[in-house]
Amino acid sequence: MSAPDTHQAPGMDDVRSDEALLAAHVDGDAEAFAVLVARHRDRLWAVALRTMRNREDAADALQDAYISAFRRAGSFRGGAQVTTWLHRIVVNACLDRIRRNKVRRAEPLPENPDRAPEMGVVSHTDHVEIEEQRSEVLAALRQLNSDQRAAIVLVDMEDYSVQEAAEILGCAPGTVKSRCHRGRTKLAPLLKHLRMDPSPT
């Protein structure tokens, strides 16, 4: 029998809480931060990808966020969950890159079919139609400012509550609601032809 695999992803067997991992990192544990990031990387990547709209920019923004979180871990005071803190850093890194980069390549957004009706999009089994829809949603999202797009991504595409999105974005829940409302208002005429039900929701 071969020896146990010593290269498995960090965090697979680590039972420490997120808070404990972050504290251990601050105290000099060389493995703790990698364990923490591995635990949440899939959702952090999804947020970065949907906000940035292409894999290269998302990867760069996520790398910026990881570096920022690594360096700023000592500033975490426990007022929010560690996951909220991490998501806020990722969103801010994405928004910073969006504001710096005026010209970006377009790439279809991953789709969350559970939120499709709210985005005015019909779920289809035809892959060609799905890709066309994704491209149209992407083009429509490009019409929003970065703050509205971030709110729409978190609430309508990542299933965060308004309160959770507010904590991630560092603003009041009312601000998130306002950004989502304005964003949806702008998206509605652009995606009207994709709506499953023409009546307002």
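1. A quick word on terms before we look around: a residue is called buried when its relative accessible area is under 20%, exposed when it is over 50%, and partly exposed in between. With that in hand, Phe 70, at a relative accessible area of 47%, is partly exposed. We will come back to this residue in point 5.

2. Please keep in mind that this is a predicted model. The mean pLDDT of the protein is 78, and 73% of the residues reach 70 or more. Confidence varies among the elements: helix H1 (residues 18-26) has the highest mean pLDDT, 93, and helix H5 (residues 127-141) the lowest, 70. Two stretches call for some care in reading. Residues 1-8 stay under 50 in pLDDT, and the model gives them 1 contact beyond four places in sequence. Residues 196-201 are also below 50, with 3 contacts beyond near neighbours in sequence.

3. How many helices and strands does the protein have? There are 8 helices and 0 strands, so the pattern along the sequence reads α-α-α-α-α-α-α-α by the DSSP runs used here. Of the contacts between residues at least 6 apart in sequence, 67% join residues at least 24 apart. Buried residues account for 42% of the 201 residues. The protein exposes about 11,200 Å², and 52% of that comes from carbon and sulfur atoms.

4. Now for the interior. In soluble globular proteins, nonpolar side chains tend to be buried together. Here the largest nonpolar core has 51 residues, and those with the most contacts inside it are Trp 85, Val 90, Val 91, Leu 154 and Val 176. Each of H1, H2, H3, helix H4 (82-100), H5, helix H6 (146-157), helix H7 (162-169) and helix H8 (173-191) supplies at least two residues of this core. Trp 85 is a good one to click on: leaving aside neighbours within four places in sequence, Trp 85 is in contact with Leu 22, Ala 69, Arg 72, Ala 73 and Phe 76.

5. The aromatic rings are worth a look too. The count comes to 2 aromatic pairs. One of them joins Phe 33 and Phe 70 in an edge-to-face arrangement, 5.3 Å centre to centre with 90° between the planes. Phe 33 belongs to helix H2 (residues 32-52) and Phe 70 to helix H3 (residues 55-72), so the pair ties together parts that are 37 residues apart in sequence. Is each partner buried or partly exposed? Phe 33 is buried, at 9% relative accessibility, whereas Phe 70 is partly exposed at 47%.

6. Another ring has a charge for company: the charged end of Arg 43 sits over the ring of Tyr 160, 4.0 Å from the ring centre. Tyr 160 also turns up among the contacts of Ala 165, described in the last point.

7. Asp 159 lies in the loop between H6 and H7. The phi angle of Asp 159 is near 65°, a positive value in a residue other than glycine. At 38% relative accessibility, Asp 159 counts as partly exposed.

8. Finally, where does Ala 165 lie? This residue is in helix H7, and Ala 165 is buried, with a relative accessible area of 0%. Beyond neighbours within four places in sequence, Ala 165 is in contact with Leu 154, Val 155, Tyr 160 and Val 176. Ala 165 and Val 153 are 12 residues apart in sequence, and their C-alpha atoms are 9.5 Å apart in space. Two of the contacts of Ala 165, Leu 154 and Val 176, are also listed among the core residues with the most contacts.

Definitions and conventions:
Residues numbered from 1 in each chain as written. Predicted model: local features only at pLDDT ≥ 70, side-chain atom pairs only at ≥ 80, totals over all residues. Heavy atoms only, no water. pLDDT = per-residue confidence, 0-100. Helix = DSSP H or I, 4+ residues; strand = E, 2+ residues; numbered from the N terminus. Contact = heavy atoms within 4.5 Å. Buried < 20%, exposed > 50% of the residue type's maximum accessible area, 1.4 Å probe, protein only. Areas by Shrake-Rupley, 256 points an atom, 1.4 Å probe, with all protein chains shown as cover. Phe/Tyr/Trp six-rings, centres within 6.5 Å; stacked < 30°, edge-to-face > 60°. Lys NZ or Arg CZ within 6 Å of the ring centre and 35° of its normal. Core = buried A, V, L, I, M, F, W, Y, C linked by side-chain atoms within 4.5 Å.
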